[in-house]
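Hi,

Here is the structure I said I would pass on. Have a look at it first, and then read my notes underneath.

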Amino acid sequence: MSAAVPVRVRFAPSPTGYLHVGGARTALYNYLFAKHHGGEFIYRIEDTDEARSTEESMRMQIADLNWLGLKWDEGPDPETLVDRGPHGPYRQSRRQDIYKEHADRLLKSGKAYYCFMTDAEIEVQRQEATRLNKPPQVNSPYRNWTLAQAQERLAKGDTAAIRFKVQEKRDYLLKDLVRGDVTFPSDMVGDFVCLRSTGMPVYNFCCAIDDALMQISHVLRAEEHLSNTLRQMMLFEAFDYPLPQFGHLSIILGADKQKLSKRHGATSCNEYRVAGYLAEAMNNFIALLGWSSPNAQEILSMQELIQQFGVERLNSSPAVFDETKLLWVNATHLRALPQAELWERVEPFLLEAGLKLPKDPAWRDRTLAALKTSMSKFTDAVELCRPLSETPLDISADAAEILGWETTEKVILGWKAGLEKLSTEYLTEAEFLQLQDRIKDEQNVKGKQLFQPIRVAVIGKPQGTELKMLVPLLQKRILLERADTVLARLKK
RNA sequence: GUCCCCUUCGUCUAGAGGCCUAGGACAACUCCCUUUCACGGAGUAGACACGAGUUCGAAUCUCGUAGGGGACGCCA
């Protein structure tokens with residue numbers, strides 16, 4: 001590795017859907033690698049598949065990348081989508097002149113040729129090859145046409161793809177950063193298309209050209225591109241461009257060891273964001289799928305990831321995406337958050353659920369202190385805080401049995417009387433426990449007959465978080481209202 | 001079919017010929033803390049895919065076998 005070459009890496013997804021966790025990991029590794037080496041992280045859009053690429057997908061992916069905090073140094077501006085950086089455009093659909101010019105160069109030097117084969121002809125060849133158990137490669141009859149011959153036919157209005165002419169058989173050696181030496185025989189691929197007959201370039205072609213022109217020094221990408229690398233190496237060679245270093249990351253599998261896909265449940269970053277996961281936990285967890293910290297750390301901040309990341313500790317075998325561990329990583333990050341920040345980040349979820357909670361910072365602090373150990377993700381706060389919301393008490397159906405007990409009314413009346421005697425806005429845990437004891441003695445009710453009616457009078461249902469935690473978080477006024485609501489129900 | 005890649009506890013991994021009676025983390029289980037839960041603490045159980053070879057010595061090197069994945073597109 002030459003130290004003179006500045007580190008420039010890129011993440012180059014195709015905008016054909018949400019950002020997948022696999023893509024997120026690729027992006028993260030590239031980002032970490034760049035930041036670790038003080039290099040640049042470039043975001044490029046591979047939108048040459050006109051049928052499947054959409055601007056909406058692109059916006060979704062940008063939003064996900066932003067959520068993860070992976071900021072790029074060059075590429076479309078996340079807000080305006082206007083290109084920023086000296087090597088643009090960064091959307092391949094806008095670089096067609098460049099590809100055209102490169103294809104012409106190959107044509108002129110005889111390294112590529114016009115191919116007039118139709119889809120049907122290609123299909124016939126493919127089926128024939130498959131039938132003979134041969135690699136389904138295209139053997140174009142136009143391979144040896146002269147450029148003049150082809151141009152003559154083009155002049156008649158026929159369209160043609162431009163195919164790269166794979167040269168004599170030899171081995172290509174790829175020194176992969178993750179996999180070590182990988183040898184590809186050149187006949188592994190047939191003459192591949194560079195430019196479609198529509199003029200739109202094909203992935204391998206623009207990828208190689210862009211990586212060269214954008215001066216990409218290292219390409220960290222998914223394993224499925226490993227065998228594509230051969231074509232790209234041929235292209236680099238044909239243009240006499242210096243080859244970047246490649247590292248092919250293993251794929252991420254679902255619990256059934258099959259490639260992670262929609263049937264495994266959540267596979268997009270966005271789903272995890274909505275489900276109340278923390279971006280920093282997502283980064284942390286994903287980083288550990290295929291990479292390990294040199295000092296065996298499991299919980300790492302972005303800063304630590306940047307400091308410790310290195311391509312040497314990348315693992316080449318596939319990794320199963322384990323949601324259980326993700327949840328643990330998430331809970332750990334969540335509980336480490338300063339309480340003020342935790343509230344800030346949880347609040348949108350509470351508001352969305354329609355909860356009405358006190359604005360007093362001291363109250364919020366107490367609440368989080370009490371509830372945070374049972375939270376693994378932001379959305380857990382919703383159910384945890386629901387009983388604290390200043391909304392009319394909803395008496396659940398399974399409270400009916402308790403409401404039917406003959407001692408219930410006097411317990412609640414005792415509870416109410418006790419509350420009224422208190423002068424403070426909130427009662428302390430100790431006061432609550434004392435009050436409970438007093439009701440026990442005064443009303444001569446104990447055990448279930450005592451606890452359950454109070455519980456229903458507080459939260460409207462027979463089970464939930466411990467009352468000694470909840471009661472001190474509820475204003476006396478609200479407790480009284482709720483007790484009245486339950487009493488009114490008893491009268492009916 | 002051909003080529004390429006991968007294979008350590010259930011899962012993520014450490015491991016670069018002797019430090020390995022294979023270490024850590026999540027999950028599981030047990031106990032402690034706590035008048036229930038959670039958090040926390042202490043433990044228990046659990047793996048080198050298989051077979052040959054190289055070597056005084058192999059999880060580590062080589063070769064096979066099996067299994068999994070990828071590529072062979074005018075998809076990326």
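**Contacts with the RNA**

Let me start with Ser14: an N or O atom in its side chain sits 3.3 Å from a sugar or linking oxygen of RNA strand B, which makes a polar contact (a pair of N or O atoms within 3.5 Å; within protein, one must be able to donate a hydrogen and the other to accept it, and residues adjacent in sequence count only if both atoms are side-chain atoms). Glu46 has a side-chain N or O atom 3.3 Å from a sugar or linking oxygen of the strand. With Lys257 the partner is a phosphate oxygen of RNA strand B, at 2.7 Å from a side-chain N or O atom.

Before going on, some housekeeping: this is a predicted model, where local features need pLDDT of at least 70 and side-chain atom pairs count only at pLDDT 80 or more, while totals for chains, interfaces and linings use all residues. Residues are numbered from 1 along each chain as its sequence is written, chains are lettered from A and ligands numbered from 1 in the order in which they are written, and side-chain values use heavy atoms, leaving out hydrogens and water.

How many residues surround RNA strand B? There are 57, and the closest are Thr48, Asp49, Arg179, Arg196 and Thr373. Of the strand's atoms that come within 4 Å of the protein, 79% belong to sugar and phosphate. "Near" here means that a heavy atom of the residue lies within 4 Å of the strand. By class, the surface near RNA strand B has 20 nonpolar, 18 polar and 19 charged residues (Ala, Val, Leu, Ile, Met, Phe, Trp, Tyr, Cys and Pro count as nonpolar, Asp, Glu, Lys and Arg as charged, the others, Gly among them, as polar). Elements that each supply at least two of its residues include β8 (180-185), α7 (228-239) and α11 (323-336); α11 gives the most, with 4.

**The protein chain**

Chain A has 20 helices and 13 strands, which are DSSP runs numbered from the N terminus (helices H or I, at least four residues; strands E, at least two). Its C-alpha trace spans about 105 × 50 × 40 Å along the principal axes.

Helices α16 (residues 408-421) and α18 (residues 448-459) have axes that come within 9 Å and cross at roughly 65° (lines fitted to C-alpha atoms over the stretch in contact, with angles from 0 to 180 degrees between N-to-C directions). Among the residues making the contact (heavy atoms within 4.5 Å) are Trp415 of α16 and Pro453 of α18. That contact has 8 nonpolar, 2 polar and no charged residues.

**Backbone oddities**

Gly88 and Pro89 are joined by a cis peptide bond, with omega about -5°; Pro89 is in the loop between β4 (83-84) and α3 (96-108). Gln215 is not a glycine, yet its phi is positive, near 55°. Asn444, in the loop between α17 (429-443) and α18, also has a positive phi near 55°.

Cheers
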